[in-house]
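The following text walks through a protein model, element by element. It is meant to be read with the coordinates open.

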Amino acid sequence: MSNTVYSLFTGALGDFRRTWRSMAYTDLAYKLIAFAVLTPATTGLLYWMRAGTSDRVVADVDIAVFFFTTPVGIITLILGGSLIVAITALETACLMAVGMGRTQGATLNARTALRFGAAHAFNVFRLTALMVRRIMLGLVPFALAAGLVYLGLLRDHDINYYLAQHPPQFWIAAVLVAIIVIALVFLLVRTIGRWALAMPMVLFENISPRRALAESAARGRDSHALIVRALAVWAGVAIVLISASTWLVQFLGREVAPQLAGSLFLLLLFIAALALAGVVLALAVGIFNFSIFSLIITKLYLGIGKPQLSASAMAGYDSLGPRRFTARERAYIATFAMLAAIGFGLFAFLADRGQSPVLIIAHRGSSATAPENTLAAFRLAADQHTDFIELDVQESLDGQVLVVHDSDLMKVGYNPTKIWDGEASALRSIDIGSFKDPQFSSERVPTLAEALAACKGRCKVIVELKSYGHNQRLEERVAKIVEDAGMENDCVFMSLDRNMVQRMKTLRPSWRVGLLVAKAIGDLTELKADFLAVEARMATRRFVRRAHAAGQDVYIWTVNDPAWMFVGLSRGVDGLITDKPDIARRVIERRALMSGPQRFLAAELIRFGATTDALAAENALRP
């Protein structure tokens, strides 16, 4: 065998042409089993492992704390990673069996290939578990190195200062982290080259996973570069195919859908057909990519792995070849698929037809134009008819409640004093407006009382309780200030810190207190917050429906792109947290004037990748 990347690919393509039917049926059947059984079972197991702990729902920083510092979290991380990788590895094993069978004169169909995978499932899991454990241990030094870079260079000031201003320390840290990442990638590439032959050894030689990893490294010692090049080329081809198929569906959607805006029936029919075509195309690309990967690994094993095939490796798995669907069965499948696609399109239209009121929430005021968390930003947002202003509060050293987001004023005022270490009078003497524009040079850190006075009678306020670990009596002081301002009915509260949410709710049970979340594992509705303010990508239709069923509103942040605002509206969110409340108001008003089909069309065009400018220019969307 000529062991070059070119010969590997041409050989794999030739094998695929001869076995594509068996490969396709096997992969389709396995994907169905994985979707219906394996993935839900894995999710259920991991949920069960957390169910007996106090960490059934973890969010943001608590995710890392749970997985890296608690025994249950560490076990869940390793077991979960092993099972997830094993599901993919087992798919590869079934396809490898088809490829290896051809070289041994055996013909496997989907049923026998799946039987082969099932017979070797436990050893595949043992192999992936061993790989995951070793990789995780190997990551520890790199994580520690990155942590030391952060501690040494990025701890003096709030991280937002470094991200916004890019001082020299930021670039030094970036270079050091880049070096760490390059070293990590080198190690991972080397590891892939050493372990690439382990799977076929476990499957076809019946050796233990631990020995297979050692044997793979030893037998492929002189060919690691070839293995890496072959897999790199495969990865490149796979990425190109996935990108091209995604682009094609989006292109057809953007070009054809607007032409059908005059007929809801034709639009629904086209969306259904395009959705079906997209699914079929994605499945075809996935099957091809997985099949070629499996065949390349098999050919590498046969060519450079010094195979010692077990006599019983393929015994009992021969078949009469792939079963062909009858014409009637193909017609049933096509009809079912088309009905499902039409149902999907109709559901998407019906889910988007509602027009419930949506709140506009100015994030730190109208902070795209005016400096964040200043009276100027609050007044401008009120002028732009925002419904709520969102602001952040902390306590100064002398117990004053100040409106500040970061732990210091470096980003907005180039002052390194920590808020909890500074007297309010000193902090309030700092210019926090000039960083945005010299016209705002008179802006200073406002107190919560001043901010409420600026908003009273003009808009309501969402008070975010910041938690940097130095609070004294923040919740009590905020409650008193709000009551003194007479704005009990015009303020709601939220925090990233669950304990602060609970304390605020305990202090004032009748007030609305919500949870602010960027990432989460588990069902957030279990936390019983009055509302959920989540990162925009978390707010899927399913998430919003679940929250509404639990009586919780959903606000999304931070949405500044009109297209993303429209997506949020189409998913049924209750509020848009944005730096541009004026833009949000125009989007909501424009959408309110649209017909049901127009709103549906706009949502679908965004899903197909249409830009904001393209939507604005689309005649079919004009009210």
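**Helix packing, buried polar groups and unusual backbone sites**

Asp-497 is partly exposed, with 21% relative accessible area. The model that contains this residue is a predicted one. Asp-497 sits in the loop that runs from strand 6 (491–495) to helix 18 (498–507). Two polar contacts involve the side chain of Asp-497. One of them, at 2.9 Å, goes to the side chain of Ser-467. In the other, a polar atom of the Asp-497 side chain lies 2.8 Å from the backbone nitrogen of Asn-499. The C-alpha atom of Asp-497 is 7.9 Å from that of Lys-466, although 31 residues separate the two along the chain.

The next stop is the N-terminal part of the chain. Helix 1 (residues 5–51) packs with helix 3 (residues 71–103) at an angle of about 165°, and their axes are 9 Å apart. Because of that angle, helix 1 is roughly antiparallel to helix 3; angles over 145 degrees are counted in this class. The crossing of the two helices is right-handed. Sorted by class, the residues in the contact of helix 1 with helix 3 comprise 17 nonpolar, 8 polar and 6 charged.

Helix 1 also holds a charged residue, Asp-15. Is Asp-15 buried or exposed? Asp-15 is buried, since its relative accessible area is 4% and the cut-off for burial is under 20%. The side chain of Asp-15 forms a polar contact of 3.0 Å with the side chain of Arg-18. Once neighbours within four places in sequence are set aside, the residues in contact with Asp-15 are Arg-102, Leu-295 and Lys-299.

Helix 4 comes next, spanning residues 110–119. Asn-109 caps the N-terminal end of helix 4, with a side-chain oxygen 3.1 Å from the backbone nitrogen of Arg-111. Which residues of helix 4 are buried? They are Ala-110, Thr-112, Ala-113, Leu-114, Phe-116 and Gly-117. An α-helix has 3.6 residues a turn, so residues three or four places apart point the same way. The buried residues of helix 4 pack against helix 1, helix 3, helix 5 (121–153) and helix 8 (198–205).

His-120 occupies the loop between helix 4 and helix 5. With a relative accessibility of 9%, His-120 counts as buried. What does the side chain of His-120 reach at 2.8 Å? It reaches the backbone oxygen of Phe-116, and Phe-116 is one of the buried residues of helix 4. A polar atom of the His-120 side chain also lies 3.3 Å from the backbone oxygen of Leu-203. Leu-203 appears again among the residues in contact with His-120 beyond four places in sequence, together with Val-202, Asn-206 and Tyr-317. The C-alpha atoms of His-120 and Cys-94 are 9.4 Å apart, with a separation of 26 residues along the chain.

After His-120 the chain continues into helix 5, which crosses helix 9 (residues 209–219) at roughly 65°, their axes coming within 9 Å. This crossing is right-handed. On the helix 5 side, the residues that meet helix 9 are Asn-123, Arg-126, Leu-127, Leu-130, Met-131, Arg-133 and Arg-134; on the helix 9 side they are Pro-209, Arg-210 and Leu-213. By class, this contact of helix 5 with helix 9 has 5 nonpolar, 1 polar and 4 charged residues.

The remaining sites concern backbone geometry. Lys-306 is not a glycine, yet its phi is positive, at about 45°. Lys-306 belongs to the loop between helix 11 (264–304) and helix 12 (327–352). Its relative accessible area of 52% makes Lys-306 exposed. Arg-364 likewise has a positive phi, about 60°, without being a glycine. Arg-364 is located in the loop between strand 2 (359–363) and helix 13 (375–383). Is Arg-364 buried or exposed? Arg-364 counts as buried, at 11% relative accessibility.

Further along, the peptide bond joining Trp-557 and Thr-558 is cis, with omega about -25°. Thr-558 lies in the loop between strand 10 (553–557) and helix 20 (562–570).

Technical notes. Residues are numbered from 1 along each chain as its sequence is written. This is a predicted model: local features need pLDDT of at least 70, side-chain atom pairs count only at pLDDT 80 or more; totals for chains, interfaces and linings use all residues. Side-chain values use heavy atoms; hydrogens and water are left out. Axes are lines fitted to C-alpha atoms, for helices over the stretch in contact, and angles run from 0 to 180 degrees between N-to-C directions. Helices (H or I, at least four residues) and strands (E, at least two) are DSSP runs, numbered from the N terminus. Angles under 35 degrees count as roughly parallel, over 145 as roughly antiparallel, 65 to 115 as roughly perpendicular and the rest as oblique. A crossing is left-handed if the near helix is turned anticlockwise from the far one by less than a right angle, and right-handed if clockwise. Ala, Val, Leu, Ile, Met, Phe, Trp, Tyr, Cys and Pro count as nonpolar, Asp, Glu, Lys and Arg as charged, and the others, Gly among them, as polar. Buried means under 20% relative accessible area, exposed over 50%, partly exposed in between (1.4 Å probe, protein chains only). Contact means heavy atoms within 4.5 Å. A polar contact is a pair of N or O atoms within 3.5 Å; within protein, one must be able to donate a hydrogen and the other to accept it, and residues adjacent in sequence count only if both atoms are side-chain atoms.
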